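Colleague: Could you take one helix of this model and go through it closely for me, and then set it against the rest of the chain? I would like each term explained as you come to it.

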Amino acid sequence: LELSLDDLAAAGVRLYKVGLSFPIEQTRMIDFARDLAQILVIEEKAPIVEGQLRDLFYNGPHGVRPIITGKRDALGAEQISSIGELRPSRLIETVANWLAQHSPALDRRHNVVDFTQPQLLSNAADAVKRIPYFCSGCPHNTSTRVPQGSRAQPGIGCHFMASWMDRATSGQIQMGGEGVDWAGHGPFSRTPHLFQNLGDGTYYHSGYLAIRQSVAAQSNITYKILFNEAVAMTGGQPVDGTLPVDAMARQVEAEGVKALAIVSDNIAQYDAIRNRFPAYTTFHDRDKLDQVQRMLRDVPGVTVLIYQQACAAVKRRRRKKGEMADPAKRLFINQTVCEGCGDCGVQSNCLSIMPVETEFGRKRAINQSSCNKDYTCAKGFCPSFVVVNGGTLRKRAGVLRDAGSDALAARIDQLPPPAAHAWSGPYDLLVTGVGGTGIITVGALLAVAAHLEHKFSSVLDFMGFAQKGGAVLSFVRFAEQREHLNQVRIDTQQADAFLACDLVVGASNDALQTVRHGRTRILANIHETPIPESLRNPDADLHVEALLEKMRHAAGAEWVETFDAQELAEQFLGDTIVSNILAMGYAWQRGLIPLGLRAMIRAIELNEVAVDMNKMAFNLGRLAAADPQALNALRGAAAPAGRAGTTVDELIAHREAHLHAYQDAAYARRYRALVDRLRGAEQALSGAQDKLPLTEKVAFNFAKLMAYKDEY
Ligand code: SF4
Ligand code: SF4
């Protein structure tokens, strides 16, 4: 509001910051309130302090009796919310009105608009969300499926994410209470039976009591104990205690469950120890999960299915450390054969199945660096899969990988530094992106760099289930003086700069509400990182233009700049893992980061992780921002050969040649004849010679149809 404490004092307004909210310290409070006509109490949640002040001043012997307002004003109207966090933007209007009422000299209501919720654009990209998802090869991808006609309840753990995946899974209950709510509402439901998911860690410390309760209540329920040997949600810690599958089986038998099935991706491991299990235990490969569940749901009473398969993230770590054999088998998708139907994604529910846009339309590829070799993607009837046994991944070449940092350094040395920043108040930088890609590292590096320059900073990370590919927002605030960092959140419309490392998260309302039109500079990475929706919907569209439109609407078109960090990282360094550091370099060169170069580089060095690679990525980002021509000179690569051009004629000629190679000249002529006929008709109707949208579509799709893989 641009009011100093002196301005307030001159108008008779005093501030009192309560240290202990209950019980309040009365003597000082009475002194503070002496001669005051009114006290406005600002506190989050319930009116704890406000109520005590009323008790203190109502008919008190000290003769001090100001009006107490807070949650309600002096006339009883609602004033300050009891719900959620009371950040400045939620209070500013109330406080400005209250001050203006008391003294015209304190009327700053014209400043309020800078903190109110901006009008954000609603468009075709509203439904595009970056929701967290199971890791590639995660056992929950398979284990949380339920047979048709059944429904399941989630528990606490990674498997809770099944609630967001069209898996007839919903509900919420505390750890250890899994399924006990069904004991209450099951008898009043038309649903005869329920599946209840329960993690092995939860089972050990409290979940077994929930099973006991369900047995006591004679519920019709099947507990699916998801035995993955880790507390996966919080980073793969080992579960408390050691209860192997056979001990768990004997325990649930003792609790009185009616039927027990063990399902695993390696069921043969139990062959030699079946005598350790209760006699009624049945054993099944995970391929039979659906039949097993159908069998269990028909058994009256409480039944248990223990689904054993190690957590994919834990497996990955163990393989890296050499504690677990890394299977020699890798799957690839032959894109010439792939039709882009998306069934591999449906079969596996695996995020390593990535859509790739090719000359012949959208196909699929396996992201080999995130693939955890679970092989469920090949369970359909698709002939596109190629199995490679015994091979290892070749290090991808990058233009700079071989040339080393010298080639880059020579050009970097000539770059002009960004304009010097002149700021003393807080400088707010929002960094957003996809969980697990280093957004939090960017925030941490910036904080270290600020510290090296004796500046103050705060970093507030919003992560949620972010390590599972969800949205991450990192609020980074810098200031010359500590007291300027009076809150860690970047408030409504207060961002000075915004580095959007992912378009979907960047265009979310949470991110854009920090943007002020005509003030916030946005640097947006336009690389299309697929969203989980692409697993369910093979034609899912990221709506890139609509996402960018949201940003431009919020900040102003000239305040938004775009680039493709992954493309640069892949092409020059052969690895996209450094793309967010590259983005940081780009942002620094553009002047979005108010810190010196030495501090930035030193922060990367102090991080002690892939220092050379990260420094190269940072410098590459700088070069891309400052001197695209020098970047092109470094690139020096020709455009990929063998592609169709951009005109209809070029497209038709390309597909004709393709069909000739696919079968023979007669087959290609058949294609040409139909397309030419259609083209003539469209030209006659539209009068246009080359803008022929129908011909273009048919030229594309008829060739696709004719070159359909014939393995079926
Ligand atoms: S299942 Fe469909 S999308 Fe996946 S590889 Fe096969 S053809 Fe391609
Ligand atoms: S093998 Fe297939 S299902 Fe398994 S992790 Fe790799 S891509 Fe995903």
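Modeller: I would choose helix α21, whose buried residues are M613, N614, M616, A617, F618, N619, L620, G621, R622, L623, A624 and A625; buried here means under 20% relative accessible area, exposed means over 50%, and partly exposed lies in between, all with a 1.4 Å probe and the protein chains only. This is a predicted model, in which local features need pLDDT of at least 70 and side-chain atom pairs count only at pLDDT 80 or more, while totals for chains, interfaces and linings use all residues. Residues are numbered from 1 along each chain as its sequence is written, chains are lettered from A and ligands numbered from 1 in the order in which they are written, and side-chain values use heavy atoms, with hydrogens and water left out.

Because 12 of the 16 residues of α21 are buried, this helix is largely enclosed by the rest of the structure. Its length also agrees with expectation: residues 611-626 should span 22 Å at 1.5 Å a residue, and the end C-alpha atoms are 22 Å apart, where the expected span is 1.5 Å times one less than the number of residues.

The chain around α21 has 25 helices and 18 strands, taken as DSSP runs numbered from the N terminus, with helices being H or I over at least four residues and strands being E over at least two. Of its 712 residues, 47% are buried, and the C-alpha trace spans about 100 × 75 × 60 Å along its principal axes. Among contacts with a separation of 6 or more, 70% are between residues 24 or more positions apart, a contact being heavy atoms within 4.5 Å.

Some loop residues are buried too. H159, in the loop between β3 and α6, is buried, with a relative accessible area of 3%, and beyond four places in sequence it touches F134, H140, T144, N197, L198, G199 and L226. S219, in the loop between α7 (200-216) and β5 (221-227), counts as buried at 6% relative accessibility; leaving aside neighbours within four places, S219 is in contact with W182, A183, S214, G301 and V302.

Other loop residues are exposed, and these have backbone angles worth checking. Most residues other than glycine have a negative phi, and most peptide bonds are trans. N59, in the loop between α3 (48-57) and β2 (67-69), has a positive phi near 55° and is exposed, with a relative accessible area of 59%. D166, in the loop between β3 (152-153) and α6 (180-185), likewise has phi near 55° and counts as exposed at 68% relative accessibility. A cis peptide bond, with omega about -10°, joins F22 and P23, and P23 lies in the loop between α1 (5-10) and α2 (26-33).

Finally, ligand 2 is surrounded by 14 residues, the closest being C350, C371, D374, Y375 and C377, where a residue is near a molecule if one of its heavy atoms lies within 4 Å of it. This shell divides into 6 nonpolar, 6 polar and 2 charged residues; Ala, Val, Leu, Ile, Met, Phe, Trp, Tyr, Cys and Pro count as nonpolar, Asp, Glu, Lys and Arg as charged, and the others, Gly among them, as polar.
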